[in-house]
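Open the structure in your viewer and keep the selection box handy. We will go through it one stop at a time.

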Amino acid sequence: MRKNLLFCLFILVFSCAEKKEKVKEIEKEVIKEITMDSTPDSVLRHVVLFAFKESISPADINQIIEAFENLQNEIPEIKSFEWGLNNSPENLNKGLTHAFFLTFHSEADRDTYLPHPAHQKFGELIGPHLKDVTVVDYWTK
């Protein structure tokens, strides 16, 4: 609603304004206001690192990755998801090979995700295949 009012105000001022500078100034303010409403200054990252048992097949790993990625479709509190494989030359990963980043806009969103039935089901899927897991949460700066 607030965005619609700001947009209408912008259109009204634009249609009545004689000076282009004033229009551009108002346009910047409207864009700034809309951007501030939709993007938080800081987000909560949920970092998950997996080491799989040596007996796991590539097909099982792919199934796990797809299931983890699909959680964002089942749990709306997940704002973004990404993953990748370790490729650090430092050899300090302690066997952790797969990194996953989930983004939340609040601790309440993260706290909804943790006991969510879809997340619990994912835990049951991956549990037998894990050698080790590390989880770190942090607020971006």
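The tour starts with the whole chain, then visits a strand and a pair of helices.

**Stop 1: the whole chain.** Keep in mind that this is a predicted model. Show it as a cartoon and you will find five helices and four strands. Followed from the N terminus, the elements come in the order α-α-β-α-β-β-α-α-β. Of the 141 residues, 27% are buried. Switch to a surface view: the accessible area is about 9,900 Å², and carbon and sulfur atoms contribute 55% of that.

**Stop 2: strand E1.** Select residues 44-52. How many of the nine residues of E1 are buried? Seven are, and the strand is mostly covered. Now add residues 98-104, strand E3, which pairs with E1 in the antiparallel sense through seven bridges. Next add residues 130-139, strand E4; its pairing with E1 is also antiparallel, with nine bridges. Val48 is a handy residue to click on: Phe100 of E3 stands opposite Val48, and Val135 is its bridge partner in E4.

**Stop 3: helices H3 and H5.** Select residues 58-74 for H3 and 117-126 for H5. Their axes lie 10 Å apart, at an angle of about 175°. An angle over 145 degrees counts as roughly antiparallel, so that is how H3 runs relative to H5. Show side chains for the contact: H3 brings Gln63, Ile64, Ala67, Phe68, Leu71 and Glu74, while H5 brings Ala118, His119, Phe122, Leu125 and Ile126. Color these residues by type and you will get eight nonpolar, two polar and one charged.

Definitions and conventions. Residues are numbered from 1 along each chain as its sequence is written. This is a predicted model: local features need pLDDT of at least 70, side-chain atom pairs count only at pLDDT 80 or more; totals for chains, interfaces and linings use all residues. Side-chain values use heavy atoms; hydrogens and water are left out. Axes are lines fitted to C-alpha atoms, for helices over the stretch in contact, and angles run from 0 to 180 degrees between N-to-C directions. Helices (H or I, at least four residues) and strands (E, at least two) are DSSP runs, numbered from the N terminus. Angles under 35 degrees count as roughly parallel, over 145 as roughly antiparallel, 65 to 115 as roughly perpendicular and the rest as oblique. Contact means heavy atoms within 4.5 Å. Ala, Val, Leu, Ile, Met, Phe, Trp, Tyr, Cys and Pro count as nonpolar, Asp, Glu, Lys and Arg as charged, and the others, Gly among them, as polar. Buried means under 20% relative accessible area, exposed over 50%, partly exposed in between (1.4 Å probe, protein chains only). Accessible areas come from the Shrake-Rupley method with a 1.4 Å probe; for residues, only the protein chains shown count as cover. Two strands pair if DSSP finds at least two bridges between them.
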